[in-house]
Amino acid sequence: MSWSERQRRMLEMMGLRVWAPEAAAVPPADEGAAAAVAVAPSAAAETRAEPAVAPRPPASARSLEPVAPPPAATGPRAAPPPEGVVATPVPAPSRERGAGRAALAQMDWTQLREQVAQCRACALCETRKNTVFGVGHERAHWMIVGEAPGEQEDLRGEPFVGPAGQLLDSMLAALGLSRQDGPAERQVYIANTLKCRPPRNRNPEPSELAQCEPYLQRQIELIQPRIILAMGRFAVQQLLGSSEAIGRLRGRVHEYQGVPLIVTYHPAYLLRNLPDKARAWDDLCLALQTLERAP
Ligand code: URA
């Protein structure tokens, strides 16, 4: 991709429109020059990227979230016991350990999907509406790993369908990639570290990550992606076992079980930190280069 094309796509992804008179629309010679081009926020693009729904806070900011009241129970409530009668506590639904790694390693897509749909290995199964397995081409060359489903994802059973997902889709589109159309080379598979929504979008707990990790691992084995993009600190922790800041890990090629892995910011973080979108674009370009250079 030429520099000017790369710059145009980056600005498009960032929701910025370059203003230049027709005759003067000469592409700048280098990245530095791009910064000097007058850019005006594109109203249409901005509203697409920042919808009215409050964006999901970045993982790093989640613990600062005001605590919302718990969601109303959806099932029928038990009537209070008559006076003087001591109610017998109803035991919490039992939890089972997930299928062992050895069993998962033998599973095909249908079995794995079924296993996840029925998973009761951690307490998240009690509050989820749907499991969120993943979406995309089952042999996609690109694999995107996010954190955990949010409210919209929990409702729809698909990853990244809320505001962060809209940004992710436009980032992917800027590279000519899609979660639903095209051949395996131009498609992505999107999955999360957790397949169930943590209540009130709180951070995933280490034990939840540990329970869910074999599912992600099996997904990666089945897909055999050529490149993995780890978005945000929980994806990075899960795949690289590192708790270093994203800023220190991005910009170079890591590896997950022999697959090149690029670390980048989580789209929900980018919704609140516009300047880092340019860095995220560099990360996408690094992923593309890495893929193109691979044997
Ligand atoms: N954030 C994620 O990490 N994953 C989703 O599916 C949605 C938001």
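Helix α8 is followed by Gln224, a residue with a positive phi near 50°. In this predicted model, the helix leading up to that point deserves a closer look. α8 spans residues 206–223, and its 18 residues cover 25 Å from the first C-alpha to the last, close to the 26 Å expected at 1.5 Å a residue. Along the way, α8 bends by about 40° at Cys212, with a proline, Pro214, following within four residues. The helix is also mostly covered, as 13 of its 18 residues are buried.

On the other side of α8, the loop that joins β5 to this helix holds Asn201. Asn201 has a phi near 60°, a positive value in a residue other than glycine. Asn201 is also buried, at 10% relative accessibility. A comparable case sits in the loop between α6 (151–156) and α7 (163–174), where Phe160 is found. Phe160 is not a glycine, yet its phi is positive, at about 50°, and its relative accessible area of 6% makes it buried. As background to these cases, most residues other than glycine have a negative phi.

Helix α9 (residues 233–240) offers a further view of the interior, with Phe234, Ala235, Val236, Gln238 and Leu239 buried. Which elements cover the buried residues of α9? The cover includes α8, the helix α10 (246–249) and the strands β4 (142–146), β6 (227–231), β7 (253–256) and β8 (259–264). After α9 comes Gly241, and here too phi is positive, near 65°.

One of the strands covering α9 is β7, and this strand is the place of His254. Is His254 buried or exposed? With a relative accessible area of 13%, His254 is buried. Leaving aside neighbours within four places in sequence, His254 is in contact with Leu240, Leu249, Val259, Pro260, Leu261 and Val263. For Leu240, the separation is 14 residues in sequence and 8.1 Å in space, C-alpha to C-alpha.

Another buried residue belongs to the loop between β4 and α6, where Glu147 lies. The relative accessible area of Glu147 is 1%, and the residue is buried. Glu147 and Lys195 are 48 residues apart along the chain, and their C-alpha atoms are separated by 9.0 Å.

The nonpolar interior can be followed through its largest core, which has 67 residues. Trp142, Met143, Ile228 and Leu239 are the residues with the most contacts inside this core. Helix α12 (residues 275–293) gives the most to the core, contributing 8 residues. Leu239 also appears among the buried residues of α9, which links the account of that helix to the core.

Aromatic rings add another layer to the picture, with a count of 3 aromatic pairs. In one of them, Trp109 and Tyr189 have their ring centres 5.4 Å apart and an angle of 35° between the planes, a tilted arrangement. Trp109 belongs to helix α5 (residues 109–117) and Tyr189 to strand β5 (residues 188–192), so this pair ties together parts that are 80 residues apart in sequence. Both partners are shielded: Trp109 is buried, with a relative accessible area of 11%, and Tyr189 counts as buried at 1% relative accessibility. The rings of Tyr265 and Tyr269, in turn, form a stacked pair, because their centres lie 5.1 Å apart and their planes meet at 20°. Tyr265 is buried as well, with a relative accessible area of 11%. Trp109 and Tyr189 also take part in a cluster, in which ring pairs link them with Phe133.

The overall figures set these local features in context. The chain has 12 helices and 8 strands, and 45% of its 295 residues count as buried. Among contacts in the chain with a separation of 6 or more, 73% are accounted for by residues 24 or more positions apart. The accessible surface of the chain comes to about 15300 Å², and 54% of this belongs to carbon and sulfur atoms.

Terms used: Residues numbered from 1 in each chain as written. Predicted model: local features only at pLDDT ≥ 70, side-chain atom pairs only at ≥ 80, totals over all residues. Heavy atoms only, no water. Phe/Tyr/Trp six-rings, centres within 6.5 Å; stacked < 30°, edge-to-face > 60°. Helix = DSSP H or I, 4+ residues; strand = E, 2+ residues; numbered from the N terminus. Buried < 20%, exposed > 50% of the residue type's maximum accessible area, 1.4 Å probe, protein only. Contact = heavy atoms within 4.5 Å. Areas by Shrake-Rupley, 256 points an atom, 1.4 Å probe, with all protein chains shown as cover. Expected span 1.5 Å × (residues − 1). Bend = angle between axes of the 7 residues up to and from the residue. Core = buried A, V, L, I, M, F, W, Y, C linked by side-chain atoms within 4.5 Å.
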